[in-house]
Amino acid sequence: MHSPSDALVRMANDIGKFFRSQGEERAVVGIADHIQKFWEPRMKKQIFEHLDEGGAGLDLLTLKALEKLKFDMRGKPTAAEAKAAIEAEAQAKAAGAGRKSARR
């Protein structure tokens, strides 16, 4: 039986294999950067949950990269969350401007 995380573990390890030849330090940064930039928030959330459960199946470089990424992202919104917050703020301002013009 496969868990929902199996595909993400495989994908993360494939990314790790690509960066492995660059040496550990650069590989860890490269893997973390790639996942940060190209994985959607739900994927990152799911792989971080898998990491919290022990990270079964993750290669060592990939594991280190995910730990680094999770630490680096601590408390920071994902790009999707930041975009949603900006859009919500713009909608609130637009709604406020609409109420002001309706009062005139």
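Okay, a definition before anything else: a crossing of two helices is called right-handed if the near helix is turned clockwise from the far one by less than a right angle. Keep that in mind, we'll need it twice. And a caveat up front: what you're looking at is a predicted model.

So, the overall picture. We've got 5 helices and 0 strands, and reading along the sequence you get α-α-α-α-α. There are 104 residues in the protein, and 30% of them count as buried. What about contacts along the chain? If you take those with a separation of 6 or more, 63% are between residues 24 or more positions apart.

Let's go to helix 2 and helix 4. Helix 4 is residues 60-73, and its axis sits 8 Å from that of helix 2, at an angle of about 60°. Oblique counts here as anything outside the roughly parallel, antiparallel and perpendicular ranges, and perpendicular only starts at 65 degrees, so these two helices are oblique to each other. Their crossing is right-handed, which is where that opening definition comes in. By class, this contact has 11 nonpolar, 2 polar and 3 charged residues. Who's in there? From helix 2, the residues include Ala-27, Ile-31 and Ile-35, and on the helix 4 side you'll find Leu-61, Leu-66 and Met-73, among others.

Now swing over to helix 1. How do helix 1 and helix 2 meet? Helix 2 runs over residues 24-38, and the two axes come within 9 Å and cross at roughly 135°. That pair is oblique as well, and helix 1 passes helix 2 in a right-handed crossing. The residues of this contact split into 6 nonpolar, 3 polar and no charged. On the helix 1 side we have Ala-12, Ile-15, Gly-16 and Phe-19, and they meet Ala-27, Gly-30, Ile-31, His-34 and Ile-35 in helix 2. You've heard some of those names already: Ala-27, Ile-31 and Ile-35 are in the helix 4 contact too.

Last stop, one residue: Asn-13, in helix 1, which covers residues 5-19. Buried or exposed? The cut-off for buried is under 20% relative accessible area, and Asn-13 comes out at 7%, so Asn-13 is buried. What does its side chain have for company? A polar atom of that side chain lies 2.8 Å from the backbone oxygen of Gly-57. Leaving out residues up to four places away in sequence, Asn-13 touches Gly-57, Leu-58, Asp-59 and Thr-62. Thr-62 also turns up in the contact of helix 4 with helix 2.

Conventions:
Residues are numbered from 1 along each chain as its sequence is written. This is a predicted model: local features need pLDDT of at least 70, side-chain atom pairs count only at pLDDT 80 or more; totals for chains, interfaces and linings use all residues. Side-chain values use heavy atoms; hydrogens and water are left out. Helices (H or I, at least four residues) and strands (E, at least two) are DSSP runs, numbered from the N terminus. Buried means under 20% relative accessible area, exposed over 50%, partly exposed in between (1.4 Å probe, protein chains only). A polar contact is a pair of N or O atoms within 3.5 Å; within protein, one must be able to donate a hydrogen and the other to accept it, and residues adjacent in sequence count only if both atoms are side-chain atoms. Contact means heavy atoms within 4.5 Å. Axes are lines fitted to C-alpha atoms, for helices over the stretch in contact, and angles run from 0 to 180 degrees between N-to-C directions. Angles under 35 degrees count as roughly parallel, over 145 as roughly antiparallel, 65 to 115 as roughly perpendicular and the rest as oblique. Ala, Val, Leu, Ile, Met, Phe, Trp, Tyr, Cys and Pro count as nonpolar, Asp, Glu, Lys and Arg as charged, and the others, Gly among them, as polar.
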